[in-house]
Amino acid sequence: MEQINTTLIGSQLGDTVQLLRQRRPGYSLPQACYNSPEVFAADMEQIFCKEWLYVGLTCEIPQPGNFITLEVGNNPITIVRNKQMEVQAFHNVCRHRGSRICLPKQGKVAKMVCPYHQWTYELDGELLYAGNDMGDQFNKADFPLKKVHTKTAGGYIFISLADEPPAIDDFLAELARYLEPYDLENAKVAVQSEILEDANWKLVIENNRECYHCAGSHPELLNTLLEWDDTTDPRASDAFKAHVARKAEEWDAEGIPHEHVSFGLRNRMVRMPLAEGKVAMTIDGSPACAKTLGRVQNRDLGSLRILHLPNSWNHGQGDHLITFQVIPVGPQKTKVITKWVVHKDAVEGVDYDVEKLRRVWDATNAQDRALAEENQRGINSMAYEPGPYSPTYEFGVVNFVDWYADTFVANAEGQRLSVKLPE
């Protein structure tokens, strides 16, 4: 049976690799990449179980015993703050008979106790108790929780399920520098939303990577957002470039990083001003919270735009920060989690109003959900064939699709070499 399964995996991988190798550059992906259960399973194996994933914020687990949980495909994960105040991630799987241990999405425990048979683990994963009837040969030290690679930077938490994760330290160092002004260790999630989109995860990311659709779909967002995120954009006007230059001088004077920094096609960050006279991504551009984050004094910090493929984009402003986390659920189903982050001492109803804080992105998320779902419905048609991206308006989508295809092929070929999968 093991050999049969390996052959099937190899065949599926080989088919997907061939599909991606034969795709037409500058065009959307073949249909199967957006709706095939086999390609989805391969995506989870080759992308989401091998790359670094954004999974949450350190301020969500501020004290020892605080934890958050999530699932990466069929892999339940727990992220916990241990007694040494370190953030660690574990497979949320008991070493006894495999039950999940931490069941809520978020909580606090003194020890991690499996609800099935009460096997008990320390916050660092060490097995402390397994009953008194496991036999003389049983050694608790042989059965700790299985660790997941974990890194933090600037208050963000990343995990990788790979045995040997790809390099990410250079990006994390810059991320920490860009997030330093916000002091996210001393922040809190004011509110969050979860929406389930009936669309493949790649369509959710593609939609985010272009603003070609913004004028026709996002009136609330365009009250404050300036579409371009680079002065080298061929559409950028002289007025826009002058606006950026003025704000850059202010940010330089305060030691606020803003330059465009990229790490291949996977990671990028840049600070861009909002529309003239707007200081936050609220419906009228006025502040969303009376308290600014961290050491921020100047409210007009524009938006710090952070991209981390395959599963996150972000907007950091002077008084609040918004994170977006993408979690694939099925071939045509994707969860998008949005978190609005404010200073930890900000008081709801006094310093901020939740409705004002979230109104723009609630509307934008709903609009994007409708767009992605209609995109998926059309792709499912027998009439679909890959169409051309605009190199002017959709270069971000081209970059994402190129990154996805190249990364999938590289990861899959690496696996072929290691286990000698058939062609």
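The paragraphs below lead through a predicted model, from the overall dimensions of the chain to individual residues.

The chain carries nine helices and 17 strands. For 423 residues, a compact globule would be expected to have a radius of gyration near 22 Å, and the value of 23 Å found for the chain agrees with that expectation. Along the principal axes, the C-alpha atoms fill a box of roughly 75 × 55 × 35 Å. Buried residues account for 54% of the 423 residues, and, among contacts between residues at least 6 apart in sequence, 67% join residues that are at least 24 apart.

One part of the chain is singled out by an annotation: an unreviewed UniProt entry lists residues 52-159 under "domain: Rieske". In the model this span is 0% helix and 42% strand, and its end C-alpha atoms lie 5 Å apart. Within the span, Ile-79 is a useful residue from which to look around, and it belongs to strand S3, residues 75-81. Ile-79 counts as buried because its relative accessibility is 0%. Leaving out residues up to four places away in sequence, Ile-79 touches Val-55, Ile-61, Asn-66, Phe-67, Ile-68, Leu-70, Val-87, Gln-88, Ala-89, Ile-157 and Ile-159. The last of these partners, Ile-159, is 80 residues away from Ile-79 along the chain, yet the two C-alpha atoms are separated by 9.1 Å.

Aromatic side chains offer another way of following how separate parts of the chain come together, and the count comes to 16 aromatic pairs. In one of them, Tyr-54 and Phe-158 meet edge-to-face, with 6.2 Å from centre to centre and 65 degrees between the planes. This pair links distant parts of the chain, since Tyr-54 lies in strand S1 (residues 53-57) and Phe-158 in strand S10 (residues 156-160), 104 residues apart. Tyr-54, at 1% relative accessibility, counts as buried, and Phe-158 is likewise buried, with a relative accessible area of 1%.

A further aromatic pair is formed by Trp-201 and Phe-400, whose ring centres are 5.9 Å apart and whose planes stand at 80 degrees, so that this pair too is edge-to-face. Here again distant parts of the chain are linked, with Trp-201 in helix H5 and Phe-400 in helix H9 (residues 395-419), 199 residues apart. Both Trp-201 and Phe-400 are buried, and they belong to one aromatic cluster together with Phe-48, Tyr-404 and Phe-408.

The setting of Trp-201 becomes clearer when helix H5 is considered as a whole. Seven of the eight residues of H5, which runs over residues 201-208, are buried, so this helix is largely enclosed by the rest of the structure. The buried residues are Trp-201, Lys-202, Leu-203, Val-204, Ile-205, Glu-206 and Asn-207. At the start of the helix, a side-chain oxygen of Asn-200 comes to within 2.9 Å of the backbone nitrogen of Lys-202.

Asp-43, which is placed in helix H3 (residues 37-48), brings these elements together from another side. With its neighbours within four places in sequence left aside, Asp-43 is in contact with Phe-48, Trp-201, Lys-202, Tyr-404 and Phe-408. Although it is an acidic residue by name, Asp-43 counts as buried, at 0% relative accessibility.

Elsewhere, a charged group is placed against an aromatic ring: the charged end of Arg-271 sits over the ring of Trp-251, at 5.9 Å from its centre.

Finally, some details of the backbone deserve attention. Most residues other than glycine have a negative phi, and most peptide bonds are trans. The bond from Leu-309 to Pro-310, by contrast, is cis, with omega near 20 degrees, and Pro-310 lies in the loop between strand S14 (303-308) and strand S15 (312-316). Gln-118, though not a glycine, has a positive phi of about 65 degrees; Gln-118 is found in the loop between strand S6 (112-113) and strand S7 (120-121), where it counts as partly exposed at 40% relative accessibility. Asp-183 is also not a glycine and has a positive phi, of about 45 degrees. Its place is in the loop between helix H4 (169-179) and strand S11 (187-197), and Asp-183 is partly exposed, with a relative accessible area of 32%.

Definitions and conventions: Residues numbered from 1 in each chain as written. Predicted model: local features only at pLDDT ≥ 70, side-chain atom pairs only at ≥ 80, totals over all residues. Heavy atoms only, no water. Buried < 20%, exposed > 50% of the residue type's maximum accessible area, 1.4 Å probe, protein only. Helix = DSSP H or I, 4+ residues; strand = E, 2+ residues; numbered from the N terminus. Polar contact = N/O pair within 3.5 Å; in protein donor to acceptor, adjacent residues only side chain to side chain. Contact = heavy atoms within 4.5 Å. UniProt positions renumbered as here; feature names shortened; annotations may be inferred. Phe/Tyr/Trp six-rings, centres within 6.5 Å; stacked < 30°, edge-to-face > 60°. Lys NZ or Arg CZ within 6 Å of the ring centre and 35° of its normal. Rg over C-alpha atoms; globule rule 2.2 N^0.38 Å.
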